[in-house]
Amino acid sequence: MNNYEIRLARISDIPDIMDLLREVLDVHHLIRPDIFKENATKYNEEELIKIINNHEMLIYVYVLKGIVVGHLFCKIIEQNETNNQYKKKTLFIDDLCIKQAYRGSGIGKSLYDYCYQKAKDFNCDSITLNVWNGNSSAIKFYEKIGFNVQKYVLENNIK
């Protein structure tokens with residue numbers, strides 16, 4: 001991909017980020033309509049403004065010819081040493097989305113590689129994320145770039 005940049009999100013990127021957030025939630029709603037609302041987003045515009053201005057989370061965007069076509073939300077999580085666990089610093093990927101029309105073109109891998117370098121710069125021990133069972137394309141992507149299952153969260157629905 002020529003004419004692209006990966007950078008921190010700006011307030012002016014919010015409309016494009018909102019479109020991407022809708023795409024993510026559409027996928028999640030199809031997989032788990034019992035959990036995810038239809039036509040919703042994880043964050044609203046006010047929350048994105050707060051996140052961008054206060055760096056509560058880092059939002060990196062992939063900009064292609066002036067248009068945001070992908071984003072990656074991440075944050076550093078530090079776990080102090082406890083009786084049974086070692087101290088650990090993790091870069092947690094909260095959200096990664098590429099516009100549907102651009103999926104499979106290497107943009108997701110480029111965003112991840114950028115994130116990987118940031119994790120090294122921040123002296124993180126690992127990169128973690130959550131992916132919903134049933135999101136087979138995301139699972140395949142993450143396995144292809146080197147992710148392994150860390151743990152399983154199981155459920156037994158009552159209703």
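The side chain of D95 makes a polar contact with the side chain of H71, at 2.5 Å. This comes from a predicted model. D95 sits in strand β4.

**Around D95**

D95 is buried, yet it has no salt bridge. Why is there no salt bridge? The nearest side chain of opposite charge, K42, is 4.4 Å away, and a salt bridge needs the charged atoms within 4 Å, so this pair does not count. Setting aside neighbours within four places in sequence, D95 is in contact with L21, V24, K42, H71, L72 and F73.

**The strands**

Strand β3 pairs with β2 and also with β4. Here are the two pairings.

| Strands | Direction | Bridges |
|---|---|---|
| β2 and β3 | antiparallel | seven bridges |
| β3 and β4 | antiparallel | 10 bridges |

Which residue of β3 is the bridge partner of I59? The partner is F73, one of the residues in contact with D95. Between β3 and β4, Q79 stands opposite K88. β2 and β3 form a hairpin with two residues between the strands. There K65 takes a positive phi near 50°.

**The helix**

Helix α1 covers residues 14-31, which makes 18 residues. From first C-alpha to last, α1 reaches 26 Å, close to the 26 Å expected. Which residues of α1 are buried? They are I14, I17, M18, L20, L21, E23, V24, L25, H28 and H29. Residues three or four places apart in an α-helix point the same way, because each turn takes 3.6 residues. The cover over the buried residues of α1 includes α2, β2, β3 and β4. L21 and V24, both among the buried residues of α1, are in contact with D95.

Technical notes:
Residues are numbered from 1 along each chain as its sequence is written. This is a predicted model: local features need pLDDT of at least 70, side-chain atom pairs count only at pLDDT 80 or more; totals for chains, interfaces and linings use all residues. Side-chain values use heavy atoms; hydrogens and water are left out. Helices (H or I, at least four residues) and strands (E, at least two) are DSSP runs, numbered from the N terminus. The expected span of a helix is 1.5 Å times one less than its number of residues. Buried means under 20% relative accessible area, exposed over 50%, partly exposed in between (1.4 Å probe, protein chains only). Contact means heavy atoms within 4.5 Å. Lys and Arg count as positive and Asp and Glu as negative; His and the chain ends are not counted. A polar contact is a pair of N or O atoms within 3.5 Å; within protein, one must be able to donate a hydrogen and the other to accept it, and residues adjacent in sequence count only if both atoms are side-chain atoms. Two strands pair if DSSP finds at least two bridges between them.
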